[in-house]
Every structure is written in C-alpha cells, then in structure tokens.
Amino acid sequence: MPRFDGTPAHGMPRVRGGHPEQRESGGGWGELRGQAEGTTGTALPRQRQAPPGGPRQDYVSAFDEGGDVPGGRGASAGEDPYASVTQWDARPPAGTDHGGQPVRKGGKGKAFTGIAAAAVTTVLAVVVTGQVTDRGEDTSVGAQSAPGTGRGVHDAASRGEGRPTPSTPPIVPLTYEQKMGEKYALAPGLDGSGKFDAIPGIDKAPGKGQKFTYRVDVEQGLGLDGELFAQAVYKTLNDERSWAHGGGRTFERIHSGEPDFVITLASPGTTADWCAKSGLDTTEDNVSCDSASTERVMINAYRWAQGSKTYGDEIHAYRQMLINHEVGHRLGFHHVTCDKDGDLAPVMQQQTKFLDHDGVSCRPNPWAYPKS
C-alpha cells in the first residue's frame, strides 16, 4: 500500500541510492499535481553534471559487472556511460558490445535495464498514489485526517453537517386550572413528621368587608405543591360564591405575625393528631377538620391529593369544597344536609362521606352561595 508522503511502501522497487527522478525537457515526465512545468513551487533536484575530463572511474565501475571481478573490463572506448537509458536502438545486439565483442550476461546492459525498470516502477507508484488520494478511497492511512486538513470522511461530526437539527418543543408550564384538575399520589395511611413550613409571601385581601388573615402551612415531606395549595385557598375564599359573598368578608394571606387561623395541609396521621386536640376523630373515613381549640384548620393531604368517591374525577371542585367546608366551621357554621331530592348539597354537608341520606339524593356542590 503506498504511503501518502511519497515514500514507496515496503517491498516497492527503489532507484539506486534513493535519488529522485530526473525530469526531462518537454514534459516527458508529465506535470506536477496543480503545477505546470516551469512554474514556481518545490524544485526537483537536478542530476549532477559529469565532472571535467569524463566520469569518475568508480562510477563507471559501479555499473560494470567486471570492474571488480578478475577478467572483467571497464567501459569500451567511445561508449557514453551516461547515455539515456531510453535510447534502446543504440544498444548493440544481445551478447555483443559496441565493438562487436561478446559479453557475459548480467553485464552493463543488464544493469542499465534494471535501473530503468526501477525508475519507471517508482514513477508509477507515485502516480497511483496521487490517484488514490484524489479519489479519497478509504485506506488505513487515508481514513485518518492529516494535521491541518480537517475532518476525515468518516468523522462522526462530518456526518451531521447539513442535516437539520431537530427542535425540542418548549416546555409549557401547566395552568392553575390544569394543576387543580390533576390527582397526585399519596398514601392514605401516611403519618408525616409533624413539622410545617409556612408558604412565603403575602396575598392582599381584595375586598372591603370584614377581613380575616390566615397563614398557609404545609407539612414537610408530603411531596405536594405547597404554592398551588396556597393559591387555591386564596382564590377559593375570595370567590363571590364563597364566604366573601356580597363583600361581607375578605381574606388575606400573611407569612408572619398573628393570623386569625392557619390553614394546614398535613398527612392523615398528623391531621388526626391535631384534630384529636379538639376532641375530633378523623381516622374514620380519613377526613379533615377544624381543630377549634387550636389555631389550625386541618386539610387532610390524602383527600387533597386523591379526592373522594362522591366527586369522582371532579377533583378541582372537591378541593374547593374542602377549603370552604373547613373554613366555614372556623367562621361558626355547622353541618347541614340538603332537604329535597336532586338539590345541591350545602357546602356544610359532609360531602366527603356522603351525598345521599334518608332517601334524598343530593348533588355535589363546593360553594356556600352556588347561585351567585
């Protein structure tokens, strides 16, 4: 396999002594790649001229088989040892010298023939090497990029050039309604740490009625969106259909100071602990409560995350009902039920547990004033 630096591969015939080829006038050796004869570029070494007085005897003897052999002879008189090796017609017939004398096989003529064959073979190797390079054939050497020549044809980066880069669609955050419409994983028997984090920030009361301040606490380790819970409390309580109806009340969320109550999102176990402080049992049906003897209105995180059978997939409406029902207790309202079959259940009905009672079927309803 030829090497691309111009050096013949192992086993390729070489010119005696490694001398470069002699270029003949008239373009006999062709043109250099990308460079015509006579143009500027890297000059090829020129052949030495014969020394004055004729060639040195040691050069002549090197090509005369008999020079160092007893009985051998030097160049014949008048014979030009530097004659072109391509002048085949000037050679004497095989087996004779210029004087018609017989010569042994393997003499000067054979040496000149070997030199010419080696020179031609070397030129062919160089030409073939250039053709392989032009075609860009994949060889063990050609597949690698030479320094400063850029990437090879099999470079991984070159395969992607020119191809359109697939665009990644932007991630659009879920809206409040979308988040409130999803259920979230949470075990019904989860018993949390009992430690709370207050959701930072303030939501100013929007109305001019009686103002109630509250703080939102979320138990650590629930894995639920506390900001979403705080947003839902504020939106729900200040809705015209809620306890803010008619401008009679308004609700403001604070982060520090002394609130009127603390709406707390807690695990079922922690909810039960705080409700028990007010004599309430929430372990049956896994419900929420207003722990009236404490500052906390407890929202059971399991119900917040999973809802109830009475509301099915209407998880958004169920969460609104949870907030309005438990805050309603804090405001002094007690349990009631619907009186007529097909009516909306009052928000103070225990809708997590039932919608139907005493043969009356009620419809789910999250609002204190649903017709507003």
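1. A salt bridge is here a side-chain nitrogen of Lys or Arg within 4 Å of a carboxyl oxygen of Asp or Glu. In this predicted model, Arg 215, Asp 217 and Arg 296 are linked in a network of such salt bridges. The structure holds 7 salt bridges, and the network deserves to be described one pair at a time.

2. Within the network, Asp 217 pairs with Arg 215, and the closest N and O atoms of the two are 2.9 Å apart. Asp 217 also meets the side chain of Arg 296 in a salt bridge, at 3.0 Å from N to O. This second pair links distant parts of the chain, with Arg 296 in strand S6 and Asp 217 in strand S2, 79 residues apart. As to solvent, Asp 217 and Arg 215 are both buried, and Arg 296 is likewise buried together with Asp 217.

3. A further salt bridge is formed by the side chains of Asp 239 and Arg 241, again with an N to O distance of 3.0 Å. Arg 241 has a relative accessible area of 28% and is therefore partly exposed, as buried means under 20% and exposed over 50%.

4. Strand S4 takes up residues 261-266, and 6 of its 6 residues are buried, so the strand is largely enclosed by the rest of the structure. In a regular strand the side chains alternate between the two faces of the sheet. In S4, Phe 261, Ile 263 and Leu 265 point one way, while Val 262, Thr 264 and Ala 266 point the other way; all are buried.

5. The strand pairings of S4 tie in with the salt-bridge network. Strand S2 (residues 210-219) runs parallel to S4 and is joined to it by 5 bridges. Arg 215, a member of the network, has Val 262 as its bridge partner in S4. S4 also pairs in the parallel sense with strand S6 (residues 296-300), over 5 bridges. In that pairing, Thr 264 stands opposite Met 298 of S6.

6. Helix H6 (residues 268-276) is mostly covered, 7 of its 9 residues being buried. The buried residues are Pro 268, Gly 269, Thr 270, Thr 271, Ala 272, Trp 274 and Cys 275. They pack against several elements, namely strand S1 (196-198), S2, S4, strand S5 (289-290), S6 and helix H7 (301-306).

7. Which strand holds Thr 250? The residue lies in strand S3 (residues 249-253). Its relative accessibility is 1%, and Thr 250 therefore counts as buried, the cut-off being under 20%. The side chain of Thr 250 reaches the backbone nitrogen of Gly 207 at 3.0 Å. Gly 207 is also one of the residues that Thr 250 touches beyond four places in sequence; the others are Ala 205, Pro 206, Gly 209, Gln 210, Lys 211, Phe 212 and Asn 238.

8. Glu 326, placed in helix H8 (residues 315-330), merits separate attention from a charge standpoint. The residue is buried yet has no salt bridge. The nearest side chain of opposite charge belongs to Arg 330 and is 8.9 Å away. With neighbours within four places in sequence left aside, Glu 326 is in contact with Ser 288, Cys 289, Asp 290, Val 297, Met 298 and Ile 299. Among these contacts, Met 298 is the residue of S6 that stands opposite Thr 264.

9. Pro 188 is found in the loop between helix H4 (176-180) and S1. Its relative accessibility is 47%, so Pro 188 counts as partly exposed. Which residues does Pro 188 touch, not counting those up to four places away in sequence? They are Pro 268, Asn 286 and Tyr 302; Pro 268 is among the buried residues of H6. The C-alpha atoms of Pro 188 and Ala 301 are separated by 8.7 Å, although the two residues are 113 apart along the chain.

10. Confidence should be considered when the model is read. The mean pLDDT of the protein chain is 75, and 56% of its residues reach 70 or more. Over residues 1-48 the pLDDT stays under 50, and for this stretch the model has 48 contacts beyond four places in sequence. Residues 62-79 also have a pLDDT below 50, with 23 contacts in the model beyond near neighbours in sequence.

Terms used. Residues numbered from 1 in each chain as written. Predicted model: local features only at pLDDT ≥ 70, side-chain atom pairs only at ≥ 80, totals over all residues. Heavy atoms only, no water. Helix = DSSP H or I, 4+ residues; strand = E, 2+ residues; numbered from the N terminus. Buried < 20%, exposed > 50% of the residue type's maximum accessible area, 1.4 Å probe, protein only. Polar contact = N/O pair within 3.5 Å; in protein donor to acceptor, adjacent residues only side chain to side chain. Contact = heavy atoms within 4.5 Å. Pairing = 2+ DSSP bridges. Lys, Arg positive; Asp, Glu negative; His and termini not counted. pLDDT = per-residue confidence, 0-100.
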